[in-house]
Amino acid sequence: MMQQRKHPIRIGLVATAALAALFAADAAAAQQRIFYIDYAGGDDAADGRSPATAWKYAPGDSRASGNAKALNKKMQPGDVLRFRGGVRYMGAITPSGAGSAENPIVLDGSSWGSYRAVMDGGEALSGVRRCTSAAD
């Protein structure tokens, strides 16, 4: 009879520990905020919370405006800046928020789009034209 009482208690403790771990993982995921950056088609006045409402500039870029600029001072550990794959991001990013060793701020260029995002600190060229011949 004593074995029958111990067995359900052990299962109960294991189940309780598993549920506690599950709730802790859910709480960490709930704290993670993901913001989308699409240099080719984003709008800094949007909320940045989905691919359809992506920002053009990342928080921390001196050219950011609106909501993208406002977030820079409110970055939190665990935040993710997800850049659109296949798009070249032109600019420099200096975020003012800070992550932690356990919960870093992540710049993600491989989770959205068919290709990886390209981070390019250069500037777009203007006045460039196609050559008309080998001599040109």
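Asn72 counts as buried, because its relative accessibility is 13%, which falls under the 20% limit for that class. The model here is a predicted one. Asn72 is found in helix 2. Setting aside neighbours within four places in sequence, Asn72 is in contact with Pro59 and Gly60, and also with Thr94, Pro95, Ser96 and Gly97.

**Salt bridges**

Side chains of opposite charge can pair when their charged atoms come close. Across the whole structure, a search finds four salt bridges. Three of them are set out here.

| Acidic residue | Basic residue | N to O distance |
|---|---|---|
| Asp79 | Arg33 | 2.7 Å |
| Asp38 | Arg84 | 3.0 Å |
| Asp108 | Arg82 | 3.0 Å |

Let's begin with Asp79 and Arg33, whose closest N and O atoms are 2.7 Å apart. This pair links distant parts of the chain, 46 residues apart: Asp79 sits in the loop between helix 2 (66–72) and strand 2 (80–83), while Arg33 sits in the loop between helix 1 (2–31) and strand 1 (34–37). Are these two partners buried or exposed? Asp79 is buried, with a relative accessible area of 0%, and Arg33 is buried as well, at 18%.

Next comes the bridge between Asp38 and Arg84, with 3.0 Å between the closest N and O atoms. Asp38 lies in the loop between strand 1 and helix 2, and Arg84 in the loop between strand 2 and strand 3 (88–90), so the bridge ties together parts that are 46 residues apart in sequence. Asp38 is buried, with a relative accessible area of 6%, whereas Arg84 is partly exposed because its value of 37% lies between the 20% and 50% limits.

The side chains of Arg82 and Asp108 also meet in a salt bridge, 3.0 Å from N to O. Since Arg82 lies in strand 2 and Asp108 in strand 4 (residues 106–108), this pair ties together parts that are 26 residues apart in sequence. Both Arg82 and Asp108 are buried.

**Strand 2 and its partner**

In a regular strand the side chains alternate between the two faces of the sheet. Which way do the residues of strand 2 point? Val80 and Arg82 point one way, Leu81 and Phe83 point the other way, and all are buried. Strand 2 pairs with strand 1 in the parallel sense, over four bridges. In strand 2, Val80 stands opposite Ile34.

**A cavity and its lining**

How many cavities of 30 Å³ or more are there? The count comes to one. About 50 Å³ of space lies in the largest cavity. Its lining includes both partners of one salt bridge, Asp38 and Arg84. Also lining the largest cavity are Ile37, Tyr39, Phe83, Val87, Tyr89, Ala117, Val118 and Met119. By class, the lining has eight nonpolar residues, two charged residues and no polar ones.

**Tyr115**

Finally, have a look at Tyr115, in the loop between strand 4 and strand 5 (118–120). Tyr115 is exposed because its relative accessible area is 62%, over the 50% limit. From C-alpha to C-alpha, Tyr115 and Arg84 are 8.4 Å apart in space, with their positions 31 residues apart in sequence. Leaving out neighbours within four places in sequence, Tyr115 is in contact with Gly85, Gly86 and Gly109.

Technical notes:
Residues are numbered from 1 along each chain as its sequence is written. This is a predicted model: local features need pLDDT of at least 70, side-chain atom pairs count only at pLDDT 80 or more; totals for chains, interfaces and linings use all residues. Side-chain values use heavy atoms; hydrogens and water are left out. Helices (H or I, at least four residues) and strands (E, at least two) are DSSP runs, numbered from the N terminus. Buried means under 20% relative accessible area, exposed over 50%, partly exposed in between (1.4 Å probe, protein chains only). Contact means heavy atoms within 4.5 Å. On a 1 Å grid over the protein atoms alone, a cavity is a set of points where a 1.4 Å probe fits but cannot get out, and a pocket is an open set with protein on both sides within 12 Å along at least five of seven lines; lining residues have an atom within 4 Å of a point. Grid points are joined across faces, edges and corners, and a volume is the space filled by probe spheres set on the points. Ala, Val, Leu, Ile, Met, Phe, Trp, Tyr, Cys and Pro count as nonpolar, Asp, Glu, Lys and Arg as charged, and the others, Gly among them, as polar. Two strands pair if DSSP finds at least two bridges between them.
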